[in-house]
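Here is a short tour for anyone meeting this structure for the first time. Take a look at the model, then read on.

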Amino acid sequence: MFEQFTKNARAVVTGAVTHAERTDAEAVDESHLLLSLLDRQGSRASFALAALGADRRREEIARELAEARRRGGLSQADTEALAGLGIDVEEVVARVEQAHGAGVLASAGATRGRWGFGSWSGHRPFTREAKGTLVSALRIATARGDRTIGDEHLLLALTTRPGVVAEVLADRGVTREALDRVLP
């Protein structure tokens, strides 16, 4: 499948691995893909992100993704649902971090559903969710009649898969519908 990726899409995947390495994450996840997309310039996805104003909110997005990682990957919707049951996620996170160290839940969430080459080959694996994003990008490209998978397909896939990344993007007006309007 990777041979169908454009140069820009390959750069996004490579950049996501770099983001994972920089934060010492055990695996590449969807948030790393988004941060890599936000790093790009001169591509279809970067044009769409700029048209929707997300490029100017990169630091805010990065902070929110880091906070979700600190919560063990729980989205804001998950946090609110648990609050409805009387569970204060921030209190739980604070107690866990007090007992086991700051950021302990961030590393625990990164190991769920790993896929990839494994540490034996020196490559950082992709989470099941990140792999699903790549597969969704292929499906989106095929449905649009495109012969290659571009970074815009990766961005579209991130908006359609439930979870933290889609929630963070939607909170900033980056939805599948909005992207369909700004992407040629």
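Let's start with helix α10: six of its eight residues are buried (under 20% relative accessible area, 1.4 Å probe, protein chains only), so α10 is largely enclosed by the rest of the structure. The buried ones are Val 164, Val 165, Ala 166, Glu 167, Val 168 and Leu 169. After α10 comes Gly 173, with a positive phi near 80 degrees. Helices here are DSSP runs (H or I, at least four residues), numbered from the N terminus.

A quick word on the ground rules. This is a predicted model, where local features need pLDDT of at least 70 and side-chain atom pairs count only at pLDDT 80 or more, while totals for chains, interfaces and linings use all residues. Residues are numbered from 1 along each chain as its sequence is written, and side-chain values use heavy atoms, with hydrogens and water left out.

**Salt bridges**

Side chains of opposite charge can pair when their charged atoms come close. How many salt bridges does a search of the whole structure find? The search turns up 13, a salt bridge being a side-chain nitrogen of Lys or Arg within 4 Å of a carboxyl oxygen of Asp or Glu. Here are some of them:

| Pair | N to O distance |
|---|---|
| Glu 60 and Arg 172 | 3.0 Å |
| Arg 172 and Glu 64 | 2.5 Å |
| Arg 144 and Asp 180 | 3.7 Å |

Take Glu 60 and Arg 172, joined by a salt bridge. This pair links distant parts of the chain, 112 residues apart: Glu 60 belongs to helix α4 (residues 58-70), and Arg 172 to the loop between α10 (164-171) and α11 (176-182). Arg 172 also forms a salt bridge with Glu 64. Because Arg 172 is in the loop between α10 and α11 while Glu 64 is in helix α4, this pair ties together parts that are 108 residues apart in sequence. Add Arg 57, and you have a network of salt bridges linking Arg 57, Glu 60, Glu 64 and Arg 172.

Is Arg 172 buried or exposed? With 8% relative accessibility, Arg 172 counts as buried. Glu 60, at 28%, counts as partly exposed (between the 20% limit for buried and the 50% limit for exposed). Glu 64 is partly exposed too, with a relative accessible area of 24%.

Arg 144 and Asp 180 make another salt bridge. Arg 144 is in the loop between α8 (128-143) and α9 (151-160), Asp 180 is in helix α11, and the two are 36 residues apart. Arg 144 is partly exposed at 30%, and Asp 180 is partly exposed at 37%.

**Where two helices cross**

Now for α8 and α9, whose axes (lines fitted to C-alpha atoms over the stretch in contact) come within 8 Å and cross at roughly 115 degrees. That makes α8 roughly perpendicular to α9 (a label for angles of 65 to 115 degrees). Contact means heavy atoms within 4.5 Å. On the α8 side, the residues in contact include Leu 134, Ala 137 and Ile 140, and on the α9 side they include Leu 154, Ala 157 and Leu 158. By class, the contact of α8 with α9 has eight nonpolar, four polar and no charged residues.

**One buried histidine**

Finally, find His 32 in helix α2 (residues 30-39). His 32 is buried, with a relative accessible area of 1%. Leaving aside residues up to four places away in sequence, His 32 touches Ala 16, His 19, Ala 20, Thr 23, Ala 25, Ala 27 and Arg 69.

How values were computed:
Axes are lines fitted to C-alpha atoms, for helices over the stretch in contact, and angles run from 0 to 180 degrees between N-to-C directions. Angles under 35 degrees count as roughly parallel, over 145 as roughly antiparallel, 65 to 115 as roughly perpendicular and the rest as oblique. Ala, Val, Leu, Ile, Met, Phe, Trp, Tyr, Cys and Pro count as nonpolar, Asp, Glu, Lys and Arg as charged, and the others, Gly among them, as polar.
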